[in-house]
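Please open the model in your viewer and keep the sequence panel beside it, since each stop on this tour begins with a selection.

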Amino acid sequence: MKKLLLIAGLVLSPLVQAEVAVIVHPSNAATLDADAVSKLYLGREKSFPDGSAAVPLALADGAPAAAEFNDKVLKKSASQLKAYWSKLLFTGKGTPPKEIATDAEMVKLISSNPNMIGFVDAKSVDSSVKVLLKL
Amino acid sequence: MPYQKGWIIRRASLPLLLLAVAPLTAQAEIKLNGFASIRGVQANSDGGLEPFPGYTEGEFDFKSESLFAIQAQADLAENLTATVQLYADGQKDFDLEARWAYLSYQINDQHRLSAGRFANPIFHQSEYEKVGYAHNFARLPKAVYIGFDFSTVEGMALDSQYNFGDYNLQTKLLYGAWDGETFSAVTNSWVNFGLKDIMALNVSLNKDWWTLFGGAFTAEIDGATIDSGTVFPLAANGINLALANGATAAQVNDLKSRIGWDQKDGIYWFSGFAVDYNNWLVDYEYAYWETKESSDAPNTSWYAAVGYRFGNYVVTVHHEDYAQDTDFGYLDGVTHPVLLATGKGIQTAFASREFDANGITLRYDFHPSAALKIDYLTGSDTRAAVGDYQMMSIGVDLVF
(Lines give C-alpha, C1' and ligand atoms only; values in the text may rest on other atoms or scores of the structure.)
Protein backbone atom coordinates (compact mmCIF):
# COMPACT_ATOMS: atom_id res chain seq x y z
CA MET A 1 0.00 0.00 0.00
CA LYS A 2 2.78 2.37 0.95
CA LYS A 3 4.52 1.52 -2.30
CA LEU A 4 1.35 2.21 -4.21
CA LEU A 5 0.96 5.63 -2.55
CA LEU A 6 4.59 6.41 -3.25
CA ILE A 7 4.18 5.54 -6.92
CA ALA A 8 0.94 7.52 -7.12
CA GLY A 9 2.68 10.46 -5.47
CA LEU A 10 5.57 10.33 -7.92
CA VAL A 11 3.28 10.07 -10.91
CA LEU A 12 0.93 12.85 -9.78
CA SER A 13 3.49 15.26 -8.37
CA PRO A 14 4.25 17.03 -11.67
CA LEU A 15 0.52 17.73 -11.98
CA VAL A 16 0.31 19.48 -8.63
CA GLN A 17 0.22 23.18 -9.41
CA ALA A 18 2.33 25.76 -7.66
CA GLU A 19 0.64 27.50 -4.75
CA VAL A 20 -0.05 31.12 -5.54
CA ALA A 21 0.11 33.91 -2.97
CA VAL A 22 -1.73 37.20 -3.44
CA ILE A 23 0.46 39.84 -1.84
CA VAL A 24 0.23 43.45 -0.68
CA HIS A 25 2.41 45.94 1.17
CA PRO A 26 2.78 45.05 4.90
CA SER A 27 0.97 48.27 5.84
CA ASN A 28 -2.11 47.33 3.79
CA ALA A 29 -4.81 46.25 6.26
CA ALA A 30 -7.25 45.05 3.59
CA THR A 31 -8.84 41.61 3.86
CA LEU A 32 -10.02 40.40 0.47
CA ASP A 33 -11.46 37.10 -0.68
CA ALA A 34 -10.84 35.65 -4.14
CA ASP A 35 -13.96 37.35 -5.56
CA ALA A 36 -12.82 40.75 -4.35
CA VAL A 37 -9.34 40.15 -5.80
CA SER A 38 -10.97 39.11 -9.09
CA LYS A 39 -12.94 42.36 -9.24
CA LEU A 40 -9.74 44.38 -8.83
CA TYR A 41 -7.99 42.38 -11.56
CA LEU A 42 -10.93 42.68 -13.97
CA GLY A 43 -11.21 46.44 -13.48
CA ARG A 44 -14.60 46.23 -11.79
CA GLU A 45 -13.30 47.71 -8.56
CA LYS A 46 -10.53 50.28 -8.46
CA SER A 47 -10.03 50.71 -4.70
CA PHE A 48 -9.33 48.70 -1.57
CA PRO A 49 -12.17 48.52 0.98
CA ASP A 50 -10.69 51.48 2.90
CA GLY A 51 -11.05 53.66 -0.20
CA SER A 52 -7.38 53.88 -1.15
CA ALA A 53 -6.56 53.33 -4.83
CA ALA A 54 -5.66 49.77 -5.80
CA VAL A 55 -3.04 49.15 -8.50
CA PRO A 56 -3.12 45.49 -9.55
CA LEU A 57 0.02 44.00 -11.10
CA ALA A 58 0.03 40.73 -13.04
CA LEU A 59 2.77 38.26 -13.83
CA ALA A 60 3.52 38.02 -17.52
CA ASP A 61 2.07 35.17 -19.59
CA GLY A 62 4.21 32.10 -19.23
CA ALA A 63 4.87 32.38 -15.51
CA PRO A 64 3.34 29.25 -13.89
CA ALA A 65 1.73 31.34 -11.15
CA ALA A 66 0.01 33.47 -13.82
CA ALA A 67 -1.86 30.53 -15.34
CA GLU A 68 -2.79 29.32 -11.86
CA PHE A 69 -4.04 32.77 -10.80
CA ASN A 70 -6.02 33.26 -14.03
CA ASP A 71 -7.64 29.88 -13.62
CA LYS A 72 -8.42 29.95 -9.90
CA VAL A 73 -9.20 33.61 -9.28
CA LEU A 74 -10.27 35.06 -12.62
CA LYS A 75 -11.65 31.75 -13.95
CA LYS A 76 -10.34 32.55 -17.43
CA SER A 77 -7.65 31.21 -19.71
CA ALA A 78 -4.92 33.57 -20.93
CA SER A 79 -6.79 33.96 -24.25
CA GLN A 80 -10.13 34.62 -22.58
CA LEU A 81 -8.48 37.21 -20.37
CA LYS A 82 -6.86 38.86 -23.38
CA ALA A 83 -10.22 38.96 -25.20
CA TYR A 84 -11.87 40.42 -22.08
CA TRP A 85 -9.30 43.20 -21.83
CA SER A 86 -9.37 43.84 -25.58
CA LYS A 87 -13.01 44.84 -25.23
CA LEU A 88 -12.16 47.35 -22.52
CA LEU A 89 -8.81 48.57 -23.80
CA PHE A 90 -9.98 49.36 -27.33
CA THR A 91 -13.16 51.06 -26.15
CA GLY A 92 -11.42 53.27 -23.62
CA LYS A 93 -13.09 51.54 -20.68
CA GLY A 94 -10.00 50.27 -18.96
CA THR A 95 -6.43 49.11 -19.17
CA PRO A 96 -5.22 45.67 -18.09
CA PRO A 97 -2.93 45.31 -15.06
CA LYS A 98 0.69 46.09 -15.81
CA GLU A 99 2.66 42.91 -16.48
CA ILE A 100 5.70 42.11 -14.37
CA ALA A 101 8.30 39.66 -15.67
CA THR A 102 9.44 37.83 -12.52
CA ASP A 103 8.37 36.95 -8.98
CA ALA A 104 11.38 38.80 -7.56
CA GLU A 105 10.47 42.00 -9.37
CA MET A 106 6.86 41.65 -8.24
CA VAL A 107 7.86 41.24 -4.57
CA LYS A 108 10.16 44.24 -4.83
CA LEU A 109 7.45 46.47 -6.32
CA ILE A 110 4.76 45.39 -3.85
CA SER A 111 7.09 45.93 -0.91
CA SER A 112 7.63 49.52 -1.98
CA ASN A 113 4.07 50.70 -2.67
CA PRO A 114 1.04 50.36 -0.34
CA ASN A 115 -1.37 50.82 -3.25
CA MET A 116 -0.15 47.83 -5.22
CA ILE A 117 -1.47 44.29 -5.16
CA GLY A 118 0.22 41.37 -6.88
CA PHE A 119 0.61 37.63 -6.93
CA VAL A 120 3.61 35.26 -7.03
CA ASP A 121 4.48 31.65 -6.49
CA ALA A 122 4.05 31.19 -2.71
CA LYS A 123 7.69 30.05 -2.52
CA SER A 124 8.84 33.50 -3.66
CA VAL A 125 7.22 35.36 -0.76
CA ASP A 126 9.51 36.99 1.81
CA SER A 127 8.94 39.17 4.86
CA SER A 128 8.89 42.40 2.83
CA VAL A 129 5.32 41.72 1.71
CA LYS A 130 2.09 40.55 3.32
CA VAL A 131 0.22 37.52 2.05
CA LEU A 132 -3.45 38.35 1.60
CA LEU A 133 -4.56 35.04 0.24
CA LYS A 134 -3.10 31.67 -0.70
CA LEU A 135 -4.60 29.67 -3.54
CA MET B 1 -17.17 51.59 -48.27
CA PRO B 2 -17.31 55.34 -48.59
CA TYR B 3 -14.31 57.53 -48.35
CA GLN B 4 -15.51 60.30 -46.12
CA LYS B 5 -13.81 63.26 -47.71
CA GLY B 6 -15.34 65.85 -45.41
CA TRP B 7 -13.67 64.25 -42.43
CA ILE B 8 -10.09 64.15 -43.50
CA ILE B 9 -9.06 67.57 -42.25
CA ARG B 10 -10.95 67.31 -39.01
CA ARG B 11 -9.73 63.77 -38.55
CA ALA B 12 -6.19 65.01 -38.77
CA SER B 13 -6.59 68.06 -36.58
CA LEU B 14 -7.89 66.47 -33.38
CA PRO B 15 -5.15 63.83 -33.04
CA LEU B 16 -2.52 66.45 -33.82
CA LEU B 17 -3.98 68.61 -31.08
CA LEU B 18 -3.85 65.70 -28.65
CA LEU B 19 -0.29 64.86 -29.64
CA ALA B 20 0.63 68.50 -29.20
CA VAL B 21 -0.78 68.50 -25.69
CA ALA B 22 0.94 65.28 -24.70
CA PRO B 23 4.55 66.53 -24.56
CA LEU B 24 3.52 69.34 -22.21
CA THR B 25 3.53 66.88 -19.38
CA ALA B 26 7.04 65.73 -18.74
CA GLN B 27 5.94 62.47 -17.14
CA ALA B 28 3.41 61.49 -19.78
CA GLU B 29 3.57 57.75 -20.14
CA ILE B 30 2.44 56.61 -23.58
CA LYS B 31 1.01 53.12 -23.89
CA LEU B 32 0.89 51.60 -27.34
CA ASN B 33 -1.49 48.78 -28.14
CA GLY B 34 -3.05 47.52 -31.30
CA PHE B 35 -5.19 45.00 -33.04
CA ALA B 36 -5.22 43.49 -36.48
CA SER B 37 -7.08 41.02 -38.63
CA ILE B 38 -5.62 39.37 -41.68
CA ARG B 39 -8.40 37.44 -43.30
CA GLY B 40 -9.01 36.01 -46.75
CA VAL B 41 -12.67 35.95 -47.76
CA GLN B 42 -14.57 34.47 -50.66
CA ALA B 43 -18.12 35.82 -51.15
CA ASN B 44 -20.35 34.27 -53.80
CA SER B 45 -23.94 34.98 -54.76
CA ASP B 46 -26.34 33.44 -57.24
CA GLY B 47 -27.25 36.89 -58.57
CA GLY B 48 -23.64 37.98 -59.06
CA LEU B 49 -23.74 41.05 -56.78
CA GLU B 50 -21.64 40.98 -53.62
CA PRO B 51 -23.95 40.25 -50.64
CA PHE B 52 -22.49 43.15 -48.64
CA PRO B 53 -20.74 46.32 -49.78
CA GLY B 54 -16.96 46.15 -49.55
CA TYR B 55 -16.64 42.55 -50.77
CA THR B 56 -15.79 41.32 -54.25
CA GLU B 57 -18.23 38.71 -55.48
CA GLY B 58 -16.69 35.52 -56.78
CA GLU B 59 -13.14 36.31 -55.70
CA PHE B 60 -10.97 35.29 -52.78
CA ASP B 61 -9.41 38.44 -51.43
CA PHE B 62 -7.56 39.67 -48.39
CA LYS B 63 -8.78 43.27 -48.56
CA SER B 64 -12.42 42.96 -47.54
CA GLU B 65 -11.83 41.96 -43.95
CA SER B 66 -8.21 42.79 -43.16
CA LEU B 67 -7.47 45.73 -40.93
CA PHE B 68 -4.80 47.19 -38.66
CA ALA B 69 -5.05 49.59 -35.75
CA ILE B 70 -2.62 51.15 -33.32
CA GLN B 71 -3.83 52.88 -30.20
CA ALA B 72 -1.74 55.36 -28.26
CA GLN B 73 -2.81 56.32 -24.80
CA ALA B 74 -1.03 59.05 -22.86
CA ASP B 75 -1.57 59.94 -19.21
CA LEU B 76 -1.51 63.74 -19.34
CA ALA B 77 -2.18 64.40 -15.69
CA GLU B 78 -3.70 62.53 -12.78
CA ASN B 79 -6.86 60.85 -14.08
CA LEU B 80 -6.61 62.63 -17.44
CA THR B 81 -5.85 60.50 -20.50
CA ALA B 82 -5.58 61.19 -24.22
CA THR B 83 -6.28 58.34 -26.64
CA VAL B 84 -5.69 58.21 -30.38
CA GLN B 85 -6.51 55.20 -32.48
CA LEU B 86 -4.99 55.05 -35.96
CA TYR B 87 -6.85 52.65 -38.17
CA ALA B 88 -6.30 51.21 -41.66
CA ASP B 89 -9.02 49.13 -43.30
CA GLY B 90 -8.53 46.94 -46.36
CA GLN B 91 -11.88 48.07 -47.70
CA LYS B 92 -10.43 51.59 -47.84
CA ASP B 93 -7.12 50.56 -49.42
CA PHE B 94 -5.49 50.65 -45.97
CA ASP B 95 -5.56 54.45 -45.95
CA LEU B 96 -4.62 55.44 -42.43
CA GLU B 97 -7.26 57.38 -40.54
CA ALA B 98 -7.46 58.66 -36.99
CA ARG B 99 -10.58 56.72 -36.19
CA TRP B 100 -10.72 57.79 -32.58
CA ALA B 101 -9.19 60.72 -30.74
CA TYR B 102 -10.48 61.69 -27.36
CA LEU B 103 -9.67 62.92 -23.89
CA SER B 104 -10.91 61.03 -20.84
CA TYR B 105 -11.20 62.18 -17.27
CA GLN B 106 -11.69 59.57 -14.57
CA ILE B 107 -13.96 61.47 -12.19
CA ASN B 108 -13.92 58.76 -9.52
CA ASP B 109 -14.06 54.94 -9.33
CA GLN B 110 -17.53 54.93 -10.87
CA HIS B 111 -17.51 57.58 -13.59
CA ARG B 112 -15.35 58.53 -16.56
CA LEU B 113 -16.10 61.44 -18.85
CA SER B 114 -14.74 61.43 -22.42
CA ALA B 115 -14.82 64.08 -25.12
CA GLY B 116 -13.69 63.92 -28.73
CA ARG B 117 -14.21 61.32 -31.44
CA PHE B 118 -14.97 57.78 -30.36
CA ALA B 119 -17.13 54.75 -31.04
CA ASN B 120 -20.87 55.09 -31.30
CA PRO B 121 -22.38 52.32 -29.15
CA ILE B 122 -25.12 51.62 -31.71
CA PHE B 123 -25.53 48.02 -30.64
CA HIS B 124 -24.08 45.89 -27.86
CA GLN B 125 -20.74 45.03 -29.47
CA SER B 126 -20.41 48.06 -31.77
CA GLU B 127 -17.65 49.68 -29.75
CA TYR B 128 -15.26 46.76 -30.35
CA GLU B 129 -16.82 45.57 -33.59
CA LYS B 130 -13.48 45.82 -35.43
CA VAL B 131 -11.48 43.98 -32.76
CA GLY B 132 -11.86 40.46 -34.09
CA TYR B 133 -9.86 38.95 -31.25
CA ALA B 134 -12.50 40.14 -28.77
CA HIS B 135 -15.25 37.86 -30.12
CA ASN B 136 -15.55 34.35 -31.54
CA PHE B 137 -16.96 35.17 -34.98
CA ALA B 138 -14.98 35.81 -38.13
CA ARG B 139 -17.18 38.92 -38.39
CA LEU B 140 -20.00 39.89 -36.08
CA PRO B 141 -23.35 38.85 -37.63
CA LYS B 142 -24.13 41.33 -40.41
CA ALA B 143 -27.87 41.26 -39.67
CA VAL B 144 -27.19 43.36 -36.56
CA TYR B 145 -23.65 44.62 -37.27
CA ILE B 146 -24.47 45.73 -40.77
CA GLY B 147 -21.64 48.24 -40.91
CA PHE B 148 -23.24 51.61 -40.27
CA ASP B 149 -20.88 54.38 -41.16
CA PHE B 150 -21.84 56.36 -38.12
CA SER B 151 -19.93 53.87 -35.98
CA THR B 152 -17.67 56.74 -34.93
CA VAL B 153 -19.15 59.97 -33.57
CA GLU B 154 -17.94 63.26 -32.19
CA GLY B 155 -19.24 64.28 -28.81
CA MET B 156 -19.16 63.51 -25.10
CA ALA B 157 -19.73 60.29 -23.21
CA LEU B 158 -20.09 59.30 -19.58
CA ASP B 159 -19.13 55.71 -18.75
CA SER B 160 -20.17 54.46 -15.34
CA GLN B 161 -20.01 51.22 -13.45
CA TYR B 162 -21.59 50.11 -10.20
CA ASN B 163 -21.21 46.97 -8.10
CA PHE B 164 -24.09 45.62 -6.05
CA GLY B 165 -22.76 42.54 -4.35
CA ASP B 166 -22.01 40.11 -7.17
CA TYR B 167 -23.84 42.22 -9.74
CA ASN B 168 -21.95 44.61 -11.99
CA LEU B 169 -23.89 47.33 -13.80
CA GLN B 170 -22.29 49.33 -16.58
CA THR B 171 -23.91 52.30 -18.26
CA LYS B 172 -22.95 54.72 -21.00
CA LEU B 173 -24.55 58.06 -21.75
CA LEU B 174 -23.53 59.79 -24.96
CA TYR B 175 -24.27 63.02 -26.79
CA GLY B 176 -22.79 63.58 -30.23
CA ALA B 177 -23.08 64.04 -33.95
CA TRP B 178 -21.88 62.44 -37.16
CA ASP B 179 -21.73 63.27 -40.84
CA GLY B 180 -20.42 61.20 -43.72
CA GLU B 181 -21.87 58.77 -46.21
CA THR B 182 -24.10 55.75 -45.86
CA PHE B 183 -24.96 52.86 -48.15
CA SER B 184 -28.35 52.85 -49.88
CA ALA B 185 -29.42 49.32 -50.83
CA VAL B 186 -32.16 50.77 -53.06
CA THR B 187 -29.69 52.46 -55.37
CA ASN B 188 -26.66 50.28 -54.42
CA SER B 189 -24.67 53.47 -53.90
CA TRP B 190 -23.21 55.67 -51.18
CA VAL B 191 -25.04 58.86 -50.27
CA ASN B 192 -24.24 61.80 -47.99
CA PHE B 193 -25.91 61.43 -44.64
CA GLY B 194 -25.70 62.93 -41.18
CA LEU B 195 -26.94 62.52 -37.63
CA LYS B 196 -27.39 65.48 -35.29
CA ASP B 197 -28.10 65.53 -31.57
CA ILE B 198 -27.33 61.85 -31.06
CA MET B 199 -28.41 60.86 -27.56
CA ALA B 200 -27.61 57.35 -26.46
CA LEU B 201 -27.97 55.23 -23.35
CA ASN B 202 -26.50 51.73 -22.98
CA VAL B 203 -26.93 49.46 -19.99
CA SER B 204 -25.30 46.11 -19.25
CA LEU B 205 -25.90 44.00 -16.14
CA ASN B 206 -23.54 41.13 -15.38
CA LYS B 207 -23.37 38.44 -12.72
CA ASP B 208 -20.98 35.49 -12.83
CA TRP B 209 -21.86 33.69 -16.06
CA TRP B 210 -24.60 35.86 -17.57
CA THR B 211 -25.02 39.36 -18.97
CA LEU B 212 -28.21 41.20 -19.86
CA PHE B 213 -27.91 44.28 -22.03
CA GLY B 214 -29.94 46.91 -23.82
CA GLY B 215 -29.65 50.37 -25.25
CA ALA B 216 -31.11 52.98 -27.53
CA PHE B 217 -30.16 56.11 -29.35
CA THR B 218 -32.09 58.82 -31.07
CA ALA B 219 -30.81 61.42 -33.51
CA GLU B 220 -32.07 64.00 -35.93
CA ILE B 221 -31.43 62.88 -39.50
CA ASP B 222 -29.50 65.22 -41.78
CA GLY B 223 -30.88 63.68 -44.96
CA ALA B 224 -31.17 66.49 -47.50
CA THR B 225 -28.92 64.60 -49.94
CA ILE B 226 -30.65 61.25 -49.58
CA ASP B 227 -33.95 63.08 -50.13
CA SER B 228 -32.83 64.94 -53.24
CA GLY B 229 -30.75 62.06 -54.61
CA THR B 230 -32.80 59.00 -53.75
CA VAL B 231 -36.20 59.60 -52.14
CA PHE B 232 -37.58 62.38 -54.35
CA PRO B 233 -36.31 60.90 -57.67
CA LEU B 234 -38.06 57.65 -56.71
CA ALA B 235 -41.28 59.67 -56.27
CA ALA B 236 -40.88 61.81 -59.41
CA ASN B 237 -42.91 59.66 -61.79
CA GLY B 238 -45.69 59.20 -59.26
CA ILE B 239 -45.83 62.90 -58.52
CA ASN B 240 -45.99 63.79 -62.22
CA LEU B 241 -48.78 61.28 -62.69
CA ALA B 242 -50.64 62.72 -59.69
CA LEU B 243 -50.26 66.29 -61.01
CA ALA B 244 -51.67 65.14 -64.35
CA ASN B 245 -54.58 63.68 -62.42
CA GLY B 246 -55.59 66.75 -60.47
CA ALA B 247 -53.22 66.73 -57.46
CA THR B 248 -52.53 70.23 -56.14
CA ALA B 249 -49.07 71.65 -55.43
CA ALA B 250 -50.00 71.70 -51.73
CA GLN B 251 -50.79 67.97 -51.83
CA VAL B 252 -47.48 67.24 -53.58
CA ASN B 253 -45.52 69.29 -51.03
CA ASP B 254 -47.35 67.49 -48.24
CA LEU B 255 -46.33 64.12 -49.69
CA LYS B 256 -42.72 65.25 -50.10
CA SER B 257 -42.57 66.37 -46.49
CA ARG B 258 -43.87 62.96 -45.44
CA ILE B 259 -41.59 60.78 -47.57
CA GLY B 260 -38.48 62.87 -46.89
CA TRP B 261 -35.96 61.82 -44.23
CA ASP B 262 -34.37 65.21 -43.59
CA GLN B 263 -34.87 66.52 -40.04
CA LYS B 264 -36.83 63.43 -39.04
CA ASP B 265 -35.97 61.45 -35.92
CA GLY B 266 -33.96 58.27 -36.25
CA ILE B 267 -34.33 55.72 -33.48
CA TYR B 268 -32.15 52.66 -32.86
CA TRP B 269 -32.46 50.21 -30.01
CA PHE B 270 -31.21 46.78 -29.04
CA SER B 271 -31.47 44.23 -26.27
CA GLY B 272 -30.16 40.76 -25.61
CA PHE B 273 -28.18 38.47 -23.38
CA ALA B 274 -24.91 36.57 -23.25
CA VAL B 275 -24.15 33.39 -21.33
CA ASP B 276 -20.77 31.78 -20.63
CA TYR B 277 -21.47 28.71 -18.51
CA ASN B 278 -19.42 25.54 -18.23
CA ASN B 279 -17.77 26.32 -21.57
CA TRP B 280 -21.13 26.74 -23.29
CA LEU B 281 -21.58 30.15 -24.87
CA VAL B 282 -24.97 31.54 -25.86
CA ASP B 283 -25.54 34.98 -27.37
CA TYR B 284 -28.72 36.64 -28.51
CA GLU B 285 -29.23 40.19 -29.71
CA TYR B 286 -32.29 41.86 -31.16
CA ALA B 287 -32.14 45.26 -32.83
CA TYR B 288 -34.63 47.69 -34.31
CA TRP B 289 -34.18 50.97 -36.14
CA GLU B 290 -36.13 53.36 -38.30
CA THR B 291 -36.43 56.95 -39.40
CA LYS B 292 -39.70 57.93 -37.78
CA GLU B 293 -42.55 59.39 -39.87
CA SER B 294 -40.76 58.92 -43.16
CA SER B 295 -40.59 56.59 -46.15
CA ASP B 296 -37.85 54.61 -44.40
CA ALA B 297 -39.00 51.08 -43.69
CA PRO B 298 -38.64 49.91 -40.07
CA ASN B 299 -35.73 47.46 -39.72
CA THR B 300 -35.81 44.45 -37.43
CA SER B 301 -32.81 42.21 -36.99
CA TRP B 302 -31.48 39.59 -34.64
CA TYR B 303 -28.96 36.85 -34.25
CA ALA B 304 -28.64 33.87 -31.95
CA ALA B 305 -25.41 31.94 -31.43
CA VAL B 306 -24.42 28.84 -29.51
CA GLY B 307 -20.80 28.01 -28.95
CA TYR B 308 -18.73 25.47 -27.10
CA ARG B 309 -15.21 26.00 -25.81
CA PHE B 310 -12.87 23.05 -25.56
CA GLY B 311 -9.33 23.88 -24.61
CA ASN B 312 -8.00 26.43 -27.06
CA TYR B 313 -10.85 25.92 -29.53
CA VAL B 314 -14.30 27.49 -29.74
CA VAL B 315 -16.93 26.30 -32.22
CA THR B 316 -19.84 28.67 -32.78
CA VAL B 317 -22.96 28.16 -34.86
CA HIS B 318 -25.35 31.03 -35.41
CA HIS B 319 -28.43 32.18 -37.22
CA GLU B 320 -29.00 35.79 -38.23
CA ASP B 321 -31.99 37.53 -39.74
CA TYR B 322 -32.55 41.02 -41.10
CA ALA B 323 -36.11 42.03 -42.01
CA GLN B 324 -37.84 45.19 -43.12
CA ASP B 325 -41.53 45.83 -42.71
CA THR B 326 -43.75 48.43 -44.30
CA ASP B 327 -45.66 50.81 -42.06
CA PHE B 328 -47.87 53.16 -44.06
CA GLY B 329 -49.06 55.07 -40.98
CA TYR B 330 -46.90 58.00 -42.05
CA LEU B 331 -49.25 58.45 -45.04
CA ASP B 332 -52.40 58.83 -42.91
CA GLY B 333 -54.31 61.81 -44.30
CA VAL B 334 -52.94 61.56 -47.86
CA THR B 335 -56.12 61.53 -49.91
CA HIS B 336 -54.99 61.63 -53.53
CA PRO B 337 -54.86 57.98 -54.61
CA VAL B 338 -51.83 58.39 -56.88
CA LEU B 339 -49.85 60.21 -54.20
CA LEU B 340 -50.88 57.59 -51.65
CA ALA B 341 -49.76 54.81 -53.99
CA THR B 342 -46.50 56.68 -54.62
CA GLY B 343 -45.79 56.93 -50.89
CA LYS B 344 -46.52 53.26 -50.38
CA GLY B 345 -44.39 52.34 -53.39
CA ILE B 346 -41.36 54.21 -52.06
CA GLN B 347 -41.48 52.59 -48.66
CA THR B 348 -41.96 49.23 -50.32
CA ALA B 349 -38.80 49.94 -52.34
CA PHE B 350 -36.88 50.79 -49.16
CA ALA B 351 -38.19 47.57 -47.61
CA SER B 352 -37.05 45.47 -50.53
CA ARG B 353 -33.94 44.09 -48.90
CA GLU B 354 -34.10 41.30 -46.38
CA PHE B 355 -31.58 38.60 -45.66
CA ASP B 356 -30.82 35.75 -43.35
CA ALA B 357 -27.89 33.38 -42.90
CA ASN B 358 -26.57 30.42 -40.96
CA GLY B 359 -22.93 30.24 -40.08
CA ILE B 360 -20.32 28.12 -38.36
CA THR B 361 -17.03 29.47 -37.04
CA LEU B 362 -14.01 27.71 -35.59
CA ARG B 363 -11.68 29.74 -33.40
CA TYR B 364 -8.31 28.36 -32.40
CA ASP B 365 -6.24 30.32 -29.89
CA PHE B 366 -2.83 29.19 -31.04
CA HIS B 367 -1.11 31.99 -29.09
CA PRO B 368 -2.25 34.12 -26.12
CA SER B 369 -2.44 37.11 -28.48
CA ALA B 370 -3.56 35.51 -31.73
CA ALA B 371 -6.55 33.48 -32.86
CA LEU B 372 -7.01 31.58 -36.10
CA LYS B 373 -10.58 31.63 -37.38
CA ILE B 374 -12.24 29.68 -40.15
CA ASP B 375 -15.86 30.26 -41.02
CA TYR B 376 -18.56 29.30 -43.48
CA LEU B 377 -21.78 31.23 -43.90
CA THR B 378 -24.71 30.51 -46.19
CA GLY B 379 -27.71 32.76 -46.58
CA SER B 380 -30.33 34.30 -48.76
CA ASP B 381 -30.93 37.93 -49.75
CA THR B 382 -34.26 39.09 -51.21
CA ARG B 383 -32.52 41.34 -53.74
CA ALA B 384 -32.61 39.49 -57.05
CA ALA B 385 -29.07 40.71 -57.77
CA VAL B 386 -27.85 38.72 -54.77
CA GLY B 387 -30.22 35.83 -54.01
CA ASP B 388 -28.60 32.89 -52.25
CA TYR B 389 -25.07 33.68 -51.09
CA GLN B 390 -22.14 32.04 -49.33
CA MET B 391 -19.10 33.41 -47.55
CA MET B 392 -15.98 31.50 -46.52
CA SER B 393 -13.01 32.90 -44.72
CA ILE B 394 -9.77 32.00 -43.03
CA GLY B 395 -7.73 34.46 -41.06
CA VAL B 396 -5.93 35.52 -37.93
CA ASP B 397 -7.03 38.09 -35.36
CA LEU B 398 -4.30 39.64 -33.23
CA VAL B 399 -3.99 42.00 -30.31
CA PHE B 400 -0.73 43.47 -29.15
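Select chain A and colour it by secondary structure: in this predicted model, its elements follow the order α-β-α-β-α-α-β-α-β-β from the N terminus, which comes to five helices and five strands. Chain A has 135 residues, of which 33% count as buried, and among its contacts between residues at least 6 apart in sequence, 65% join residues at least 24 apart.

Next, select residues 78-89 of chain A, which form helix α4, a run of twelve residues that spans 16 Å from its first C-alpha to its last, close to the 16 Å expected at 1.5 Å a residue. Now show the side chains of A:Ser79, A:Leu81, A:Lys82, A:Ala83, A:Trp85, A:Ser86 and A:Leu89, which are buried residues of this helix. To see what the buried residues of α4(A) pack against, add α3 (64-74) of chain A, and then, from chain B, β1 (30-45), β15 (355-367) and β17.

From there, move to chain B and select B:Phe400, which lies in the segment after β17 (387-399). Is this residue buried or exposed? B:Phe400 is exposed, because 11 other C-beta atoms lie within 10 Å of its own, and 12 or fewer count as exposed. Leaving aside residues up to four places away in sequence, B:Phe400 touches B:Asn33, B:Gly34 and B:Ser369. As a last step, draw a C-alpha to C-alpha distance from B:Phe400 to B:Ala36: the two are 364 residues apart in sequence, and 8.6 Å apart in space.

Definitions and conventions: Residues numbered from 1 in each chain as written. Chains lettered and ligands numbered in written order. Predicted model: local features only at pLDDT ≥ 70, side-chain atom pairs only at ≥ 80, totals over all residues. Helix = DSSP H or I, 4+ residues; strand = E, 2+ residues; numbered from the N terminus. Buried ≥ 20, exposed ≤ 12 C-beta atoms within 10 Å, placed from the backbone. Contact = placed C-beta atoms within 7 Å. Expected span 1.5 Å × (residues − 1).
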